[in-house]
Amino acid sequence: MESEGVRTDRFGLLLDQFDRAREMAEVRLTGLGDEEYLWEPVPGCWSIRRRSEATTPRAFGPGDWVLDLGAPEIPANEYAEVARQAAAGMSVAKIADDRSVSVERVEQILAHTGEPEPDQTPVTTIAWRLGHLHYCFAGQWEWTFGERRHEPKMLVDFTPSATLALDRFWTLIDRWRDSVGAMTEEQLDTVGFSQYPYGSDPDEPFISVLWGANLELIHHMAEIALLRDLWQARVTSGG
């Protein structure tokens, strides 16, 4: 069904949402330079770094540059997602394994009834946000449409060049969109059509996975846009 050129069927809505988010993101990222891409607005940011200069315990990547990743933990802003996964039937052991934490930690979170713990998620650079999106979409493509065997964290050669990072990212995003756009209704409803190893993809119909992928693109691009605004304000004010 369409209304004045806008699709209203469930698949069309998700595809149009993705297309619009991609269009807005590309406009917002126009003119991104290397200095801004790597800018750390506060001490202790997560970013991409040379392997020899990595400061986080689980920084990863296949090449000379790696993406920061800290000690295993579940930030407070993801407690609701953990509860949702458990309510949907995902075992505590599977949740713990996906997030590299102990079963006891997951059980503590599921039993959590007090005030939320402070969110320990660090401030990140544009390079980190873009790198995170890149490896997530690369991994989901590999484990949905590809060979379903390569480690997602080894699929992206992180780079300090903003131009190169964006060129590679848009190429990947277009491949994802082409593959998704060719899917059938039956595939959309297939539980486990995506076998992406980090998260609940194997336990969900792909239409839910697609919704989550759209959300991932939208919220990280919004954060990148804010970082760009802060960078511009810093430059304008001379700070």
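This briefing describes the nonpolar cores, two helix pairs and several individual residues of the structure above. The model is a predicted one. Its largest nonpolar core has 50 residues, and helix α6 gives the most to this core. Two helix pairs are treated in turn: α1 and α7 are roughly antiparallel to each other, whereas α4 is roughly perpendicular to α5.

**Nonpolar cores**

- The largest nonpolar core comprises 50 residues, and those with the most contacts inside it are Y37, F137, W176, F206 and M221.
- At least two residues of this core come from each of α1 (10-28), β4 (65-67), α6 (126-142), α7 (162-181) and α9 (206-237).
- Helix α6 makes the greatest contribution to this core, with 10 residues.
- Apart from the largest core lies another core, of 10 residues, and A76, Y79, V101 and V106 are among them.
- In soluble globular proteins, nonpolar side chains tend to be buried together.
- Beyond its neighbours within four places in sequence, W176 is in contact with F18, F137, Q140, W141, F145, F206, L210 and A213.
- Two of these partners, F137 and F206, are listed with W176 among the residues that have the most contacts inside the largest core.

**Packing of α1 against α7**

- The axes of α1 and α7 come within 11 Å and cross at roughly 170 degrees.
- That angle is over 145 degrees, and the two helices are therefore roughly antiparallel to each other.
- The crossing of this pair is left-handed.
- On the α1 side, the residues that meet α7 are F11, L15, F18, D19, R22, A25 and E26.
- On the α7 side, the residues that meet α1 are W170, I173, D174, W176, R177, V180 and G181.
- By class, the residues of this contact divide into eight nonpolar, one polar and five charged.
- R22 lies in helix α1 and is one of the residues in the contact with α7.
- With a relative accessible area of 15%, R22 is buried, because the value is under 20%.
- Leaving aside its neighbours within four places in sequence, R22 is in contact with W170, I173, D174 and L217; W170, I173 and D174 also appear on the α7 side of the helix contact.

**Packing of α4 against α5**

- Helix α4 (residues 92-99) and helix α5 (residues 103-110) pack at an angle of about 110 degrees, and their axes are 8 Å apart.
- This angle makes α4 roughly perpendicular to α5, because it falls in the range of 65 to 115 degrees.
- The crossing of α4 and α5 is right-handed.
- V92, A93, I95 and A96 in α4 meet V103, V106, E107 and L110 in α5.
- The contact of α4 with α5 has seven nonpolar, no polar and one charged residues.
- V106, which takes part in this contact, is also among the residues of the 10-residue core.
- S91 is placed in the loop between α3 (79-87) and α4.
- At 38% relative accessibility, S91 counts as partly exposed.
- The C-alpha atoms of S91 and V103 are 9.8 Å apart in space, and the two residues are 12 residues apart in sequence.

**Buried residues of α6 and α7**

- A127 is found in helix α6 and is buried, with a relative accessible area of 1%.
- Apart from its neighbours within four places in sequence, A127 is in contact with Y37, L38, S47, I48 and L67.
- A127 and F158 are 31 residues apart along the chain, and their C-alpha atoms are separated by 8.9 Å.
- L172 lies in helix α7 and is buried, with a relative accessible area of 6%.
- Leaving aside its neighbours within four places in sequence, L172 is in contact with H134, F137 and A138.
- From C-alpha to C-alpha, L172 and L155 are 11 Å apart in space, with their positions 17 residues apart in sequence.

**A positive phi in the α6–α7 loop**

- Most residues other than glycine have a negative phi, and most peptide bonds are trans.
- Phi of R148, a residue other than glycine, is positive, near 60 degrees.
- R148 is placed in the loop between α6 and α7.
- The relative accessible area of R148 is 31%, and the residue is partly exposed.

Notes. Residues are numbered from 1 along each chain as its sequence is written. This is a predicted model: local features need pLDDT of at least 70, side-chain atom pairs count only at pLDDT 80 or more; totals for chains, interfaces and linings use all residues. Side-chain values use heavy atoms; hydrogens and water are left out. A nonpolar core is a set of buried Ala, Val, Leu, Ile, Met, Phe, Trp, Tyr and Cys residues joined through side-chain atoms within 4.5 Å. Buried means under 20% relative accessible area, exposed over 50%, partly exposed in between (1.4 Å probe, protein chains only). Helices (H or I, at least four residues) and strands (E, at least two) are DSSP runs, numbered from the N terminus. Contact means heavy atoms within 4.5 Å. Axes are lines fitted to C-alpha atoms, for helices over the stretch in contact, and angles run from 0 to 180 degrees between N-to-C directions. Angles under 35 degrees count as roughly parallel, over 145 as roughly antiparallel, 65 to 115 as roughly perpendicular and the rest as oblique. A crossing is left-handed if the near helix is turned anticlockwise from the far one by less than a right angle, and right-handed if clockwise. Ala, Val, Leu, Ile, Met, Phe, Trp, Tyr, Cys and Pro count as nonpolar, Asp, Glu, Lys and Arg as charged, and the others, Gly among them, as polar.
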